[in-house]
Amino acid sequence: PSVCSRLASSPLGRLATSWSAPAGETIYDCNYGLRLRLSREDALTSGVAQLGQTNPLETELLQKYARKGDTVVQIGAYKDGWLGLVASGLVGDQGRVVCFEPIPEHCEALRANIALNARTNIVAEQMAVSDRDGEAEFDIDGMGSSLVGKASDSAPAVKVKTVALDNYLASRNIPKAEFLIIDAEGAEPLVLRGASRLLRAG
């Protein structure tokens, strides 16, 4: 490739592009052939603008251990669903990925990014994973949004549907999940209590 194309795909080039992009959302060409539609703020905060991906350690672990046919569950997928998108390419058509994101606007953005990458083995569920099925108040504070506790006094709240992972998997006839990716901002104990059957089954 030319020097210009190499520079454009470098971390410096991505950062320069993100800073010079107009207000609103931009489609970023990312690692592993993926694309993400994000605001400039989200792209910079997550590392997408600079590195072409988020969560490098978790991405490396998925690359190492995920296999064709696996079921991967991502809890707290945010707007990008990066790890879910990476997993979808690894598990193939015989596998499946379930991404949970309870905030309506975030889930809408997540579904748009799934469609942007033409992935058909992912489903995005607008639910908060907890220890029981029902409803709960969910505090909205960007990447720090949480089912438990306020990240700040000014954080607004929205009522969301909650689901225990054991119940969700049983209702969809999903017998097991090889990977659980959990980013629940303090609600991890609730998630694990609601997945006790899954965890006992190994």
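**View 1. Strand 4 and strand 5 pair in parallel.** In this predicted model, strand 4 covers residues 96–100 and shares 4 bridges with strand 5. Val97 sits opposite Ile122 of strand 5. Helix 7, residues 104–116, packs on the sheet and touches both strand 4 and strand 5. The helix direction makes about 170° with that of strand 5.

**View 2. Four strands form an open sheet.** The strand order is 5-4-3-9, and the pairing is parallel. Strand 5 (122–125) and strand 9 (179–182) stand at the edges. Each has a single partner strand, so one side of each lacks a neighbour in the sheet. From one strand to the next, the twist averages 15°.

**View 3. Tyr32 and Trp82 form a tilted aromatic pair.** The structure holds 2 aromatic pairs; in this one, the rings lie 6.1 Å apart, centre to centre, with 45° between the planes. Tyr32 belongs to the loop between strand 1 (25–29) and strand 2 (35–39). Trp82 belongs to helix 6, residues 82–91. The pair therefore ties together parts that are 50 residues apart in sequence. Tyr32 is partly exposed, at 44% relative accessibility. Trp82 is buried, at 0% relative accessible area.

**View 4. Phe100 and Tyr168 meet edge-to-face.** Their ring centres are 5.0 Å apart, and the planes make an angle of 75°. Phe100 is in strand 4, and Tyr168 is in helix 8, residues 165–171. This pair links distant parts of the chain, 68 residues apart. Phe100 is buried at 1% relative accessibility. Tyr168 is buried too, at 3%.

Definitions and conventions
Residues numbered from 1 in each chain as written. Predicted model: local features only at pLDDT ≥ 70, side-chain atom pairs only at ≥ 80, totals over all residues. Heavy atoms only, no water. Pairing = 2+ DSSP bridges. Helix = DSSP H or I, 4+ residues; strand = E, 2+ residues; numbered from the N terminus. Axes fitted to C-alpha atoms, helices over the stretch in contact; angles between N-to-C directions. Contact = heavy atoms within 4.5 Å. Phe/Tyr/Trp six-rings, centres within 6.5 Å; stacked < 30°, edge-to-face > 60°. Buried < 20%, exposed > 50% of the residue type's maximum accessible area, 1.4 Å probe, protein only.
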